[in-house]
Structures are given as C-alpha cells and as structure tokens.
Amino acid sequence: MVKHVYTFGAGEAEGKADMKNLLGGKGANLAEMNLIGVPVPPGFTITTEVCTMYNEQGQQATFDLIKPEVEAAVALVEKLTGTKFGDKENPCLVSVRSGARASMPGMMDTVLNLGMNEDAVEGISKKSGNSRFAWDSYRRFVQMYGDVVMEMKPASKEEIDPFEEIIEQLKEEKGIQLDTQFTTEDLQELVRRFKAAVKKVTGKDFPTDPWEQLWGSVAAVFNSWNNDRAILYRRLEQIPGEWGTAVNVQAMVFGNMGENSGTGVAFTRDAATGEDIFNGEYLINAQGEDVVAGIRTPQEITIEGSKRWAVLQGVSEEDRTSKYPSLEEAMPEMYRQLNETQQKLEDHYSDMQDLEFTIQEGKLWLLQTRNGKRTGAAMVNIAIDMLEEGRIDEKTALNRIDAAKLDELLHPVFDTAAMKTATVLAKGLPASPGAATGQVVFFADEANKYPESVLVRVETSPEDLEGMHIAKGILTARGGMTSHAAVVARGMGKCCVSGAGAVKINYKTRVMTIDGVEFQQGDWISLNGTTGEVYKGKVATMDPEMSGNFAKIMDLAAKYTRMAVRTNADSPADAQVARDFGAQGIGLCRTEHMFFEGERIKAMREMILAKTEVERRKALDKLLPYQREDFEGILEAMAGYGVTIRLLDPPLHEFVPHEEANQKEMADEMGISVEAVKALVEDLHEFNPMLGHRGCRLGNTYPEITEMQARAIIEAAVNLTQKGVDARPEIMVPLIGTVKEFKLQADIINTTAEKVFAEKGARCDYMVGTMIEIPRAAMTADLVAEHAEFFSFGTNDLTQMTFGYSRDDAGKFLPIYIEKGILKNDPFQVLDQEGVGQIVKIGVEKGRSTKPDLKVGICGEHGGEPSSVKFCNSVGMNYVSCSPYRVPIARVAAAQANIG
Ligand code: PEP
Ligand code: MG
C-alpha cells in the first residue's frame, strides 16, 4: 500500500533527510531532526504525491483516500502531547504548513493555532493560567484562517487587511496604540468582530470543528501551490510545477506565553557574507510570524550581533541592553542550548543552516532547519571555508556553487570616492549586498514603471515578488535581517536595505519622508546593500573586486573540467576581460560588428552599392586594412589560444539606414540622391531576412567578400607570427546547409591563404571550419566533416530553425507559451535538450564518424547557461563559448558536468 502520511515525534520518525522529494524539504528535515536528537514538536507530513493527486483527482477523492492515515497521525500527536482535538481541558492545537522539495520562502500558506474554538480557548486558558494568551492565540487563528482559507483579503492594494482594519478600529475606540495593550475582553471582542466580518464577507460561519478546520487548511496549502506568487517564484527559480508541496501538521508550541517564551530565526553562518558567525533574530513573547513579518523590531541573538546592530541603528548601549537585549543576555541558558543545537545541525548537514525555533516557557523547540539561502559571495565563501575546515571535499565544494549565481559577484559596486561625497539619507540593515540606483516606486506592480526602479515598502510580502525581481533594489522601513524582504532579496542576489526606521511611507500619496524631506515616486535614490546606507540621487559605480575564494573556486573548476570555456568577443578589450576570467580562446568573433564604426560603415555601404565586381573589390580594398588591424588586436589578446573568426553573416540590409533622416545623411555622405538610397533599401528588402540572403549565401554570391576577409585574417596572423606572437586563427563559415556551400568557401579561404603566404614569404597555422546552425547541416554532418576542420554549433539559429520560431518575433508569444506550460523555458536561453539538443547530438556523432577527433564547440547564447553547458559536456563537445561575463559561470557548470 502506498503510504501518504509520515509521522515524527519524540525522537522517532518514519521519514528522513534524503526523502525531500516525497516529504518536501521541511518534512524531511523535521523527521531527520527527530532522528538526531534535536527537540521537535511531534507531527506528521502529508506527501507531495498527495498534492499531485489533489490537483489531478480533486479534493474529495484525495481526502477520502488519506483520511484514515491522517486520523491515525492526529491520534499519535494527541497521544504524544497528552491532548485532544477540541477538548475543553486539554485541547490539541496544531500548525499547518507547506513544504516543497525546494524551499519557497513565504510563497505558500500557513495556518497556526488550528483547533481553536470556544471550548479549546477555555482549555488553553485554564492550562496556561493565562486567559489573555489563550484569547490572543484564538484571535490570531481566526485572522490567519480567515485570510488563508476563507480568503478575506484587502479590497485593493492601497487598502489594509480587513482584520487589521478591525484591530485599528478597536485600538481607536479603546484609546490604545499597541496590540499588547489589548485586554482579554478586548481580544474576545476582536474574535467576535472577526467572525462577524467573515460571515458578512463570505456568507459562511467560521468553522468551530477542528477536523473541518484541519481539512480546510490542508486544502488551502495544496491550493496555494498554484497561487500566483508560487507560480511566479517557481518560474524565477525554475522549480517544476509537477513537484507539488507536502503539508506539515505539527503540535503547536507557543513563543507568546510570557516573558520566558520567545521565537526566532537564525543562520549558522552569515547569509550575506558567508562569515562563520552564528546570527539571527528573536522576539520575546511572540509567535513566529511576528519576526519575519517585520511588525515588531526583532532583536539579535548574539551579543556581538546585537552590538553591531545598535551601532548601525544609532542605538546607545544603555538602550540596547535595556530595550533590545540579545538572547544571549536575556536568556543565557536558552542561548547556550540554541548555540549547541545550531552547531549540531551544521555539523550534521555540513552546510549553512537556516533555522526556526520557539522557546515555550523555558523549553527550546526547533521548528525547521534547511540549507540557508545566501548571496553569491556567501555561497563562494562558505563552500571554500567548509572545504578548508575539512567538512566537505573539493567536488562537493564545487557542487555547492550555483553557477548562475556567480553573476552577482560580477555586478558593479559603488565607487569608493563617489560614496564618500554622497548624501546619506538614512541607514538601515545591510540585508543583501550590492549597489542599486533607481527611481522610487511604492508598489511592486509598478516596479516596471521606470527602467531602473527602487521598490520602497514599509515591509514586503510574498505578493511583491515580481516587483522585487524587476526593481534594482529594495528598501523597507521595517523588518530585520531575517524579514521576508531580506531573505528573498539575498536569494535573488538583489540589493536590499531593510528596517530603515527613518523612512516614513504614505502609500496613498505615494510619498516617502526621511527626516522631514519628501521624496515623490520617480525621485532617484541609491542603496548600498553592503553597508545599509541610503543615498540621495544617483551614485557612480565601479567594477567589483573578486575575493580570493572566487579564484579558489575557479581553480577547482579548472582542475575538474574536461571542456574548455571560450568567449564570444569582437574586440581586444572584451577578449581581455574574458581571458582574465579564464577563457581559453575565442569561440566566436562576429566580424559584422567591426563594420559599423566611422569610415568603415561608409566603405561597407560603397560595397553594398557597387554594381559590378570591380566596384565591389574597390570598396572591399578600403575595408581590408581595418579588418586586418582588428584581427591583429584580437589574435594578440588571445595569443596562444584558438580564435574563431566568423565570416560576414547578417543580411546586407542591416548595414543601410531605414529611417528617412539617416537615409538623407547617407545620401549626402556618399554623394548620391536620397532616391538612390531608398531604391537600395527597397532592393535589399526581404520578407524573412533571417532566412534570406545572409551567412555563407553572401560569400557564395559575392566571393570577393570572403576573399577580403580571409586575406585580412591571414595577413594579420602572419604579421603577428613574424613578431613572435602565437596567433591561432580559425576561420569559420556561417549558416551552411549543404556541404558544397562550405566547400566553395573553404576553397576560397585556402587559395587566398596560399596567395598571402607566397606574397609574404611566410606562413602561419590556421584552420577552416563551419558553424552548424541549420538542421540540414547537422543531418549531413558526416559529409561536412570530410572538409571542415571544426564545428561550432550556432544554437541561436538552430533553435530558430528547429522550432520554426523567428528569433526576432518570438517575444510576442514565448512568454504566453511559458505561462501556459507549453514550453518550460525560453528555448533561446535554455537549450531545448529534447529537440534541438538531439539535432546537436546527431551532428556531433555524424561529424566524428568521419573525423574522430573533430573539434566541436557551441557559440550560441546557450554556451553560458549552466544546464545547456552540462548538456554540451554530455555530447562530448570540446568547448563552450559565451559572453565574457558568463565565462566564470560556464567554467563552473562545465566542471560540475564533468564530476556529475
Ligand atoms: C547562432 O546562431 O547561434 C550564432 C552564434 O550566430 P548568430 O547569433 O550571430 O546568428
Ligand atoms: Mg547564427
């Protein structure tokens, strides 16, 4: 029989850590913590398979099937805790939380204090001897269940939550400011008003039966797998929709039972920098949501962290110790146990842990542990530190790197000099490092209003995810280092300053006020996520410095890789950047980019205008020296490595102006009439230029173009060779579909090379190969390989032609296709291994069937995308080639592919 429910508690568990696929990350780790002797409240996990069943077969059929197992599991929780659902004396209260395979912080729903009703509240009141606490728990439950299960939401984004509105109203009636000032009677009144509001809005009575509450909550968690923000988060993080979420039901423990209770979130190392310091935040007499939601100012766990926080916030030492003491100071014994537990968990998992804990009347409970989300810098530092501490081996360290996240380390930082003169408006917590400059927006769905925006919020909620993704940076007035904004921003590698208390926000007027100075929507500000400073206006940036650990990761990549990583570069400067990142050669130099500057475009246009071969050659003669000079520069920058130079590829219409004003300019420059220019443009017009007169079709119709380019390359290489530079040109023919197309071009190149050698009385090494970017070329690769010395897969065109999607027009429908699940990813970014990849595989195999040691690489955009790089390794390519700033990413992905 298939098992749907896994129980845990009192040091025993039916699951364990490696069952994440079935139990979700949270469920698997709750089980594991039981097994290693960490105190965890008892509970059970409903599997991710049930979620899939729920989505496919519906609620009724699913719940009927799992009911006996759930009932048995609840009975176990009741037994272990000595409680009963809905009992007047000893009620059982549980939490219901989501938990997917990959962590999706805050994206799905949670219900706490489930089991509360008029009887249970009496029971809790008696048991705790604290009726205020009992009623506070009850009103929180009604609020949460009303929101999550009964969908009591604010009417619009400018409105506040309907329950918060009731709270505010009662505070006004009672003349009080804080929730903590409510009396038991006030809380009873709140419960009454909340329930009345639920009835009014939804037409339904608030459920009093704990079983009804439980099934309602389980359904809500399953439903939340498909809420908008969860779908968006999965898209951003590339988490498949089929995975589903597990549901964790667990006995409640209360951090809000008085001054010897509390709750918090902690990291075993610093999630922003990777430093090995235990850190985190807690609140005395509070429930978990209070810490992450940023409603109260959370306090630091350690004395050291607390002191640092006080300096940042400008809080005196006296105020700190009296108003915001660390856990270490406020509850030394609890701190000692927590510190011991965090070390135990990190030792056990050999990775930085992010944990949630609750202290109930002097007893510590762990509610969650997971591998903590971290910035790119922390990721690199933690991997190397753990390697050097002997906790993990080299391959594990390398596999700890999320290659795409290295991108964060390559982003600009604020210029040191500019920072000194910038006006500091406010200081918050350095929640996620980096530099961000942008125009202020107050709502997540308006983040795309400006090309560069900074999202300013009192606090963020999971609904803000998309806006956080679009904005350059995030500034919040409330919330600590573990607030939603901070955690999500670090996960995204997005600059974030949180808890900047001086920032006052009026959503209605869209105005932010800092120390009396007003900032409207659209005003520019800058955020320093590394120091927590908020600056006025724009602050200049500079390139980042790489840490020593970054180089160590790159060394590991070099040690374990089989494939080389080259770069796509058209200038010596780009080639140098890539080389500094460890590129071993150029995989694609697009020569057309060299035709646009100054005098060159004029000569190019003369060539296009030419009516005869003689005229064309005259114009090409003018281009030759420019080209030769460019090639010398680029071959020299990559001396010692292969440099693949591609012959002219784009359709000629790209070199003539299409705007009236520019056509006039061209006419004046060339000494011809505007009509003549217009006629030329008309003549070059094609219905499908990407499928038209381009690639080797140009070289085969105007062989003199190929001749000129081959001459420029060979002359450059000979000149360099004579200077002692190790120049290694590889001349590449684009867009071939038949072997004859290639052969004719190769003949021109070889004949030209021989001519140059004879003229110069000197030779150089060179290769002639081809792009494989038309399906026909891949299918006939065995024939092509008889003549070509290397292949480079142009997966941009190959994707275009395999799918039949125009590279230029796919933007109109691809996002919709991805939303509807027709495609998982944009195939122009992530190689479609199932289709395009198979053509690549056939091309490699056929090519090598003719020439076993044929050199094969990729130069489409996919060459810098980790999953595509891994595929390239699997089909036996010699190298991948990508833009300079993606070289480190591709190097790590290539090494990971090799170590598996
Ligand atoms: C390709 O088609 O993948 C390629 C690299 O060439 P381009 O993008 O210049 O067409
Ligand atoms: Mg191409």
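**Close-up views of the predicted model**

**Figure 1. L735 in its loop.** At a relative accessibility of 0%, L735 counts as buried. The coordinates shown in this and the following views belong to a predicted model. L735 occupies the loop that joins strand 28 (728–733) to helix 28 (739–760). The phi angle of L735 is positive, about 55 degrees, although the residue is not a glycine. E773 is in contact with L735, and this residue is taken up again in the view of the annotated pair.

**Figure 2. S350, a second non-glycine residue with positive phi.** The phi angle of S350 is near 50 degrees, a positive value in a residue other than glycine. S350 is placed in the loop between helix 14 (332–349) and strand 10 (353–360). With a relative accessibility of 18%, S350 counts as buried, because the cut-off for that class is under 20%.

**Figure 3. Domain division of the protein chain.** Five domains are assigned along the chain. Domain 1 is made up of 1–116 + 209–252, and domain 2 covers 118–207. Domain 3 (262–374) and domain 4 (412–542) follow, and domain 5 combines 561–594 + 625–647 + 694–899. Taken over C-alpha atoms, the centres of domain 1 and domain 5 are separated by 51 Å. An unreviewed UniProt entry lists residues 548–898 as "domain: PEP-utilising enzyme C-terminal". Across residues 548–898, helix accounts for 54% of the chain and strand for 11%. The end C-alpha atoms of this stretch are 24 Å apart.

**Figure 4. Packing of helix 15 against helix 20.** Two packed helices are described by the angle between their axes and by the distance between those axes. Helix 15 comprises residues 376–388 and helix 20 residues 548–560. Their axes come within 9 Å and cross at roughly 70 degrees. Helix 15 and helix 20 are therefore roughly perpendicular to each other, a class that spans 65 to 115 degrees. On the side of helix 15, the contact involves V380, N381, A383, I384, D385, L387 and E388. The partners in helix 20 are N549, F550, K552, I553 and L556. By class, 7 nonpolar, 2 polar and 3 charged residues take part in this contact.

**Figure 5. Surroundings of A197 in helix 7.** A197 is part of helix 7, which runs over residues 184–202. Its relative accessible area is 17%, and A197 is therefore buried. Leaving out residues up to four places away in sequence, A197 touches M152 and I166. A197 and S224 are 27 residues apart in sequence, and their C-alpha atoms are 23 Å apart in space.

**Figure 6. The annotated pair E773 and D797.** UniProt, in an unreviewed entry, places a "binding site" feature at E773 and D797. They span 25 residues in sequence, yet no two of their C-alpha atoms are more than 5.4 Å apart, so they gather at one spot. E773 is located in the loop between strand 29 (767–772) and helix 29 (775–779), and at 1% relative accessibility it counts as buried. Neighbours within four places in sequence aside, E773 is in contact with D649, P734, L735, G794, D797, L798 and M801. D797, the partner in the annotated pair, is thus among the residues that E773 contacts.

**Figure 7. R646 and T795 within a wider annotated set.** A "binding site" annotation in an unreviewed UniProt entry covers R590, R646, E773, G794, T795, N796 and D797. R646 belongs to strand 27 (residues 642–646) and is buried, with a relative accessible area of 4%. Outside its neighbours within four places in sequence, R646 contacts L588, C589, R590, T591, E592, M732, P734 and M771. T795 is situated in helix 31 (residues 795–803); with a relative accessible area of 1%, it is likewise buried. Beyond four places in sequence, T795 touches L831, V840, I858, G860, E861 and H862.

**Figure 8. Contacts of S792 in strand 30.** S792 lies within strand 30, residues 790–793. The relative accessible area of S792 is 0%, and the residue is buried. Residues up to four places away in sequence not counted, S792 touches G587, M732, T770, M771, I772, G857, I858, C859 and Y879. Among these, M732 and M771 are also contacted by R646, and I858 is also touched by T795.

Technical notes:
Residues numbered from 1 in each chain as written. Chains lettered and ligands numbered in written order. Predicted model: local features only at pLDDT ≥ 70, side-chain atom pairs only at ≥ 80, totals over all residues. Heavy atoms only, no water. UniProt positions renumbered as here; feature names shortened; annotations may be inferred. Helix = DSSP H or I, 4+ residues; strand = E, 2+ residues; numbered from the N terminus. Domains from an automatic or database assignment. Axes fitted to C-alpha atoms, helices over the stretch in contact; angles between N-to-C directions. Parallel < 35°, antiparallel > 145°, perpendicular 65-115°, else oblique. Contact = heavy atoms within 4.5 Å. Nonpolar A, V, L, I, M, F, W, Y, C, P; charged D, E, K, R; others polar. Buried < 20%, exposed > 50% of the residue type's maximum accessible area, 1.4 Å probe, protein only.
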